[in-house]
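Trainee: I am new to this structure and would like a close look at one part of it. Please take me through that part in one connected answer.

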Amino acid sequence: MRAESKSSDHNSSIIQPVRRLGVLTSHFSPYHTSMASEKEAALAAVPSDSPTIFDKIINKEIPSKVVYEDDKVLAFRDIAPQAPTHILLIPKVKDGLTGLSKAEERHCEILGHLIYTAKLVAKQEGLEDGFRVVINDGPNGCQSVYHLHVHLFGGRQMNWPPG
């Protein structure tokens, strides 16, 4: 049994069921990474308001594959994608918003703009069949970069529960 994911010019994937311990599961190589490594990265990260790799991407000090940009948000492809389409959306001005748990009422506009922009980018990427938006927060939420960011995943069937 095989199911093909929607393909586009920048990504394609074939999803093949795999038997593990007698249980039929889906294997999404190369998009699958172990939760252990994600947890390790999150635990190694130090929550702070210091500049992050995202600040360097915003300042064009580190190259990225930008898919959308406006005066408030930058959206670019993740360098370690967890789905055929995996895009990060970040506010260009951190303003103390190192994670969702640090949000204050003054952040409502940028939070709404990030989510609306995720919808625009999903449409631009051809994710008409659906997509997932994720915000990791804190060490137990596997947050490894302390600059609020939204993950946009698509191009394959998502699993539930997510983790």
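Trainee: How many residues lie between strand 4 and strand 5 in the hairpin they form? Please go on from there to the sheet around them.

Mentor: This is a predicted model, and what follows should be read in that light. Three residues lie between strand 4 and strand 5 in their hairpin. The two strands are antiparallel and are joined over three bridges, with strand 5 covering residues 73-77. Within this pairing, V66 faces F76 of strand 5.

The hairpin belongs to an open sheet of five strands, whose order is 4-5-6-8-7 and whose pairing is antiparallel. The edges are taken by strand 4 (66-69) and strand 7 (131-134); each has a single partner strand, so one side of each has no neighbour in the sheet. From one strand to the next, the twist averages 20°.

Moving inward from the edge, strand 5 comes next to strand 4 in the order 4-5-6-8-7. Strand 5 is largely enclosed by the rest of the structure, because four of its five residues are buried. On to strand 6, strand 5 is joined by five bridges, and the two run antiparallel. Here F76 has L88 as its bridge partner in strand 6, while A75 has L89. F76 thus appears in two pairings: it stands opposite V66 and it is bridged to L88.

Strand 6 (85-91) is mostly covered, with seven of its seven residues buried. Its residues point two ways: T85, I87, L89 and P91 go one way, H86, L88 and I90 go the other, and all are buried. The two bridge partners named above, L88 and L89, therefore point in opposite ways from strand 6. Strand 6 also pairs with strand 8 in the antiparallel sense, again over five bridges. In that pairing, I87 is matched with L152 of strand 8.

A helix completes the picture. Helix 3 lies across strand 4, strand 5, strand 6, strand 7 and strand 8 (150-154), and runs at about 150° to strand 6. Helix 3 spans residues 108-124, and I115 is one of its residues. I115 has 43% relative accessibility, so it counts as partly exposed. Together with F131 and V133, I115 makes a nonpolar surface patch of about 230 Å².

Technical notes
Residues numbered from 1 in each chain as written. Predicted model: local features only at pLDDT ≥ 70, side-chain atom pairs only at ≥ 80, totals over all residues. Heavy atoms only, no water. Patch = residues over 30% accessible without salt bridge, like charges linked within 9 Å, V, L, I, M, F, W, Y side chains within 5 Å. Areas by Shrake-Rupley, 256 points an atom, 1.4 Å probe, with all protein chains shown as cover. Salt bridge = Lys/Arg side-chain N within 4 Å of Asp/Glu carboxyl O. Buried < 20%, exposed > 50% of the residue type's maximum accessible area, 1.4 Å probe, protein only. Pairing = 2+ DSSP bridges. Axes fitted to C-alpha atoms, helices over the stretch in contact; angles between N-to-C directions. Contact = heavy atoms within 4.5 Å.
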